[in-house]
There are 2 protein chains.
Amino acid sequence: MTTIADVAQAAGVSISTVSYVMSGKRTISQETRERVERAMADLSYSPQASARSLASRSTSVLGLQAPIRAGVDVHVVMQIVAGALKEARAHHHDILLLTSDDAAGVERAARAGMVDGVLILDVETSDPRVGALAELSIPAVLIGLPDAADDLVCVDFDFEAAGRLAAQRLAERGHQSVALLGAPPQVQARHTSYSDRLMRGFLAASEAAGLTARALPCPSGPGATEVVDAVLAESPDTTALFVHNEAALPFIAARLMGAADTGPVEILALSPAELALHVPGVSDVIDLPAETLGARGARALLDAIGGTRGPGAELIAPRFADPTG
Amino acid sequence: MTTIADVAQAAGVSISTVSYVMSGKRTISQETRERVERAMADLSYSPQASARSLASRSTSVLGLQAPIRAGVDVHVVMQIVAGALKEARAHHHDILLLTSDDAAGVERAARAGMVDGVLILDVETSDPRVGALAELSIPAVLIGLPDAADDLVCVDFDFEAAGRLAAQRLAERGHQSVALLGAPPQVQARHTSYSDRLMRGFLAASEAAGLTARALPCPSGPGATEVVDAVLAESPDTTALFVHNEAALPFIAARLMGAADTGPVEILALSPAELALHVPGVSDVIDLPAETLGARGARALLDAIGGTRGPGAELIAPRFADPTG
DNA sequence: CTGAAAGCGCTAACAG
DNA sequence: CTGTTAGCGCTTTCAG
């Protein structure tokens with residue numbers, strides 16, 4: 001194991017000089033800097049994270065609490081995690097995985113000083129973790145938008161605006177009766193933040209536009225077709241579906257493609273663009289920029305840690321996906 | 001922040017006594033132990049991870065390199081990660097996420113002393129990381145089974161045996177001509193370890209049993225049906241499909257369900273049981289125990305770190321899923 | 001059974 | 001522009 005002292009000796013300088021070369025926190029002569037950098041490379045030196053962390057009281061590690069729960073779309077979660085990881089790495093930070101569903105785990109990691117801040121996914125509208133997080137001694141960022149998040153930093157996709165955007169588009173297209181097929185029942189039952197907001201925006205804007213609209217939970221997988229059947233049975237005049245369930249989308253589209261028992265039904269999807277754009281039968285896609293969301297969350301957390309960012313919500317505005325993408 | 005010195009003072013003992021109470025590395029009188037534990041609870045003391053790690057030269061953190069690559073089934077990856085995380089937490093370890101596709105990242109984390117060992121997922125048959133890992137100063141466990149892994153600890157599902165088991169079962173059922181629809185083309189093109197082995201076992205056992213067998217890559221999602229069409233067009237006598245692609249399974253099953261243009265085609269799936277058991281049209285499932293795999297991997301890594309385990313492969317034997325599960 | 005004290009490798013005053 | 005040094009909080013000898 002090579003230490004900072006080895007490097008200092010090899011370069012013929014003191015250890016503080018080596019430290020300052022690494023941190024850039026004071027000016028070093030060109031020549032000295034080069035000697036030190038040379039020595040570091042020659043000895044293939046890596047600073048010891050624990051020593052650095054003990055002395056500096058910071059870790060360069062972000063905690064991430066990601067859900068592994070029933071009904072949660074794993075693609076979206078993975079993309080969020082990937083985005084957060086990429087952003088963190090770009091700023092020389094690592095990510096420590098915290099067990100889900102466990103506010104105590106976050107607190108443990110925080111108090112042991114293992115992380116400089118935490119990023120929390122899959123937040124519910126009335127999330128029990130929110131209170132605990134506000135008490136925490138370290139910065140926290142939620143990806144999601146709970147009700148009582150006044151003192152917290154939140155980053156999310158603007159699901160309510162997406163719901164409005166969808167209703168407006170469907171109204172423009174001349175539809176009269178439409179339906180939102182949303183997240184799986186378990187997710188809605190938990191009042192996951194995004195599901196509540198999407199529904200609210202969609203139903204409000206539908207009403208404002210004079211549309212007849214309904215909103216239903218929709219199971220992932222083949223079971224989705226039953227919901228389609230039920231909607232068309234109860235409201236046979238339905239001519240468009242707004243689908244927010246990536247794992248149900250292909251089944252819904254397949255059920256409707258050239259089906260003889262229904263009139264033409266248009267499908268508008270809310271989904272990561274690359275997952276929905278090439279599903280046959282889907283005519284329009286509002287992109288759910290999952291990776292961007294993760295990146296923004298990580299960025300917000302880094303800013304909060306740096307003290308350049310206070311409480312408040314940052315919402316990513318919805319956009320239609322570019323079909324050529 | 002409360003330190004070990006605060007606890008020692010509150011309990012009226014020395015800091016080494018507090019340390020030994022925590023580690024259990026020497027015998028402490030009942031009474032002293034209770035006083036110390038009391039003080040720790042009263043002050044809600046958490047030992048500082050970095051200080052502990054600096055002094056003890058170990059971190060209680062496992063590095064995890066998980067893939068986020070085209071075609072990889074995210075459900076399976078998530079389950080493996082969940083299993084590893086659960087096992088790690090059960091042994092008081094945490095998990096640091098390492099960026100995928102980046103051997104340098106593993107080395108960086110290792111040399112900075114951020115992790116006690118690394119767990120590597122999605123290993124390819126000839127994986128460039130294998131050589132680098134063997135050089136590494138810390139224990140590594142692969143989930144997967146590359147060709148040249150002599151000096152490494154490997155844990156995997158026995159895909160080759162699963163291939164054989166599938167062929168045997170189909171032969172027992174009286175089929176004559178069968179086909180394996182496997183991982184997506186990108187995965188097979190990378191020669192991901194499991195895909196190669198599954199095919200080998202399936203084709204060999206098919207031949208031994210006198211079956212006519214083919215093996216093809218199969219894209220995930222709706223595109224899977226085209227492969228089914230192609231197989232049935234080229235080999236119209238095919239009466240059974242062995243499917244190893246969770247994301248294609250429902251589409252394949254739907255394509256075949258009561259299709260007028262084909263004879264009855266039986267579907268045998270290799271998939272996490274809970275994902276495949278309730279897909280209509282799937283008659284039999286060989287379970288892919290993803291969460292167990294992650295847990296075994298983590299366990300193997302902990303054992304390797306503890307020095308109670310040397311190089312070698314541990315393969316989990318295939319089993320048919322219990323349909324009542 | 002318990003204490004005292006020497007580090008672990010680094011950062012950041014303080015002192016030129 | 002550079003060096004000296006006092007910690008950071010803990011583990012673990014060494015000494016009772």
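Let's start with one pair. The side chains of B:Asp94 and A:Arg108 meet in a salt bridge, at 3.0 Å from N to O. A salt bridge here is a side-chain nitrogen of Lys or Arg within 4 Å of a carboxyl oxygen of Asp or Glu. Across the interface of chain A and chain B, the rule finds 2 salt bridges.

A word on ground rules. This is a predicted model, in which local features need pLDDT of at least 70 and side-chain atom pairs count only at pLDDT 80 or more, while totals for chains, interfaces and linings use all residues. Residues are numbered from 1 along each chain as its sequence is written, chains are lettered from A and ligands numbered from 1 in the order in which they are written, and side-chain values use heavy atoms, with hydrogens and water left out.

Now the protein interface. How many residues of chain A are in contact with chain B? There are 37, and they touch 37 residues of chain B. Contact means heavy atoms within 4.5 Å. The size of an interface is often given as the accessible area lost when the parts come together. Here the buried area is about 3,400 Å², and carbon and sulfur atoms give 69% of that. Buried area is the accessible area (1.4 Å probe) that two parts lose on being put together, summed over both. In chain A, A:Met78, A:Leu97 and A:Arg111 lose the most area to chain B, together 19% of what that side buries.

Next, polar contacts. Between chain A and chain B, 12 residue pairs are in polar contact, both residues at pLDDT 80 or more. A polar contact is a pair of N or O atoms within 3.5 Å; within protein, one must be able to donate a hydrogen and the other to accept it, and residues adjacent in sequence count only if both atoms are side-chain atoms. Which element gives the most to the side of chain A that touches chain B? That is α5(A), with 8 residues. By class, this side of chain A has 24 nonpolar, 8 polar and 5 charged residues. Ala, Val, Leu, Ile, Met, Phe, Trp, Tyr, Cys and Pro count as nonpolar, Asp, Glu, Lys and Arg as charged, and the others, Gly among them, as polar.

Look at the strands. β2(A) pairs with β2 of chain B (residues 94-98) in the antiparallel sense, over 3 bridges. Pairing needs at least two bridges found by DSSP. Helices (H or I, at least four residues) and strands (E, at least two) are DSSP runs, numbered from the N terminus. A:Leu97 stands opposite B:Ile95.

On to the DNA. DNA strand C is surrounded by 30 residues, the closest being A:Ile4, A:Tyr45, B:Thr17, B:Thr32 and B:Arg57. Near means that a heavy atom of the residue lies within 4 Å. A backbone N or O atom of A:Gln48 lies 3.3 Å from a phosphate oxygen of strand C. An N or O atom in the side chain of B:Ser16 is 3.3 Å from a base nitrogen of strand C. α2(A) gives the most to this surface, with 5 residues.

Last, DNA strand D. Here too, 30 residues surround the strand; A:Thr32, A:Arg57, B:Ile4, B:Tyr20 and B:Tyr45 are the closest. A polar side-chain atom of A:Ser16 lies 3.1 Å from a base oxygen of strand D. Phosphate oxygens of strand D feature as well: one is 2.7 Å from a side-chain N or O atom of A:Thr17, and one is 2.4 Å from a backbone N or O atom of B:Ile4. α2(B) gives the most to the surface near strand D, with 5 residues.
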